[in-house]
Amino acid sequence: MLNLNNLLTAFAETTAASAEASAAGSGISMIIVLVVMVAFFYFFMIRPQRKKDKKIKEMLDALKPGDRICTIGGIYGTIVAIKDQTVVLAVGSAKTQIVMARWAIRSVEDAPVENDSEPQV
């Protein structure tokens, strides 16, 4: 009986020691998983969005009168004047002037828009 008792005690000690070792290992693996997740979110979500925001800010800072632009609402026009946070656009063949917010500009267009020409009959 003494042999069986010694065996059970030894088994309990080795089980406790391996549980402590696996707890330390699982803590390290949890930290590694968290670091990998943070790196993934940074490189695939945060960094590209920052690059896009920087490119848009540079485009808005480089606006000047005479630029052809498209707004986020789909209005094409030519910049007539720029104030602090507003832009005056000439739109259509009648050159109707519209005041828009500067942040509402989506892109600067290279080619002229066909709708600005005289209507064809």
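In β5, Ile-105 is the bridge partner of Thr-71, and this bridge belongs to the antiparallel pairing of β1 and β5, which runs over four bridges. The model is a predicted one, with a mean pLDDT of 84 for the protein and with 72% of its residues reaching 70 or more. The points below take up the sheet, strand β1 and its surroundings, the nonpolar core, two loop residues and the confidence of the prediction.

**The sheet**

- Five strands make up an open sheet, in which the order is β4-β3-β2-β1-β5 and the pairing is antiparallel.
- Because β4 (96-101) and β5 (105-109) stand at the edges and each has a single partner strand, one side of each is left without a neighbour in the sheet.
- From one strand to the next, the twist averages 45 degrees.
- Strand β2, which covers residues 76-82, pairs with strand β3, which covers residues 86-91, in the antiparallel sense and over four bridges; within this pairing, Leu-89 of β3 is the bridge partner of Ile-79.

**Strand β1 and its pairing with β2**

- Strand β1 (residues 68-71) is covered on both faces, since Arg-68 and Cys-70 on one side are buried, as are Ile-69 and Thr-71 on the other.
- The antiparallel pairing of β1 with β2 extends over three bridges, and Gly-77 in β2 is the bridge partner of Ile-69.
- These two strands, β1 and β2, form a hairpin with four residues between them, and in the turn Gly-74 has a positive phi of about 90 degrees.

**The nonpolar core**

- The largest nonpolar core has eleven residues in all, namely Met-59, Leu-60, Leu-63, Ile-69, Ile-79, Val-87, Leu-89, Val-91, Met-100, Ala-104 and Ile-105.
- Two elements, α1 and β3, give two or more residues to this core, and β3 gives the most, with three residues.
- In soluble globular proteins, nonpolar side chains tend to be buried together.
- The bridge partners Ile-79 and Leu-89 are both members of this core, and so are Ile-69 and Ile-105, of which the former has Gly-77 as its bridge partner and the latter Thr-71.
- Ala-104, another member of the core, is in contact with Thr-71 and Ile-72 when its neighbours within four places in sequence are left aside.

**Two loop residues**

- Asp-67 lies in the loop between α1 and β1, and because its relative accessibility is 12%, under the 20% cut-off, Asp-67 counts as buried.
- A polar atom of the Asp-67 side chain lies 3.1 Å from the backbone nitrogen of Lys-64.
- Not counting residues up to four places away in sequence, Asp-67 touches Ala-62, Gly-77, Thr-78, Ile-79 and Val-108; among them, Gly-77 is the bridge partner of Ile-69 and Ile-79 is that of Leu-89.
- Lys-95 is found in the loop between β3 and β4, and its relative accessible area of 48% makes Lys-95 partly exposed.
- The phi of Lys-95 is near 55 degrees, which is a positive value in a residue other than glycine.
- Most residues other than glycine have a negative phi.

**Confidence**

- Within the protein, confidence is lowest in helix α1 (residues 2-61), where the mean is 81, and highest in β3, where it is 96.
- Both of these elements, α1 and β3, are among those that give two or more residues to the largest nonpolar core.

Terms used:
Residues numbered from 1 in each chain as written. Predicted model: local features only at pLDDT ≥ 70, side-chain atom pairs only at ≥ 80, totals over all residues. Heavy atoms only, no water. Pairing = 2+ DSSP bridges. Axes fitted to C-alpha atoms, helices over the stretch in contact; angles between N-to-C directions. pLDDT = per-residue confidence, 0-100. Buried < 20%, exposed > 50% of the residue type's maximum accessible area, 1.4 Å probe, protein only. Polar contact = N/O pair within 3.5 Å; in protein donor to acceptor, adjacent residues only side chain to side chain. Contact = heavy atoms within 4.5 Å. Core = buried A, V, L, I, M, F, W, Y, C linked by side-chain atoms within 4.5 Å.
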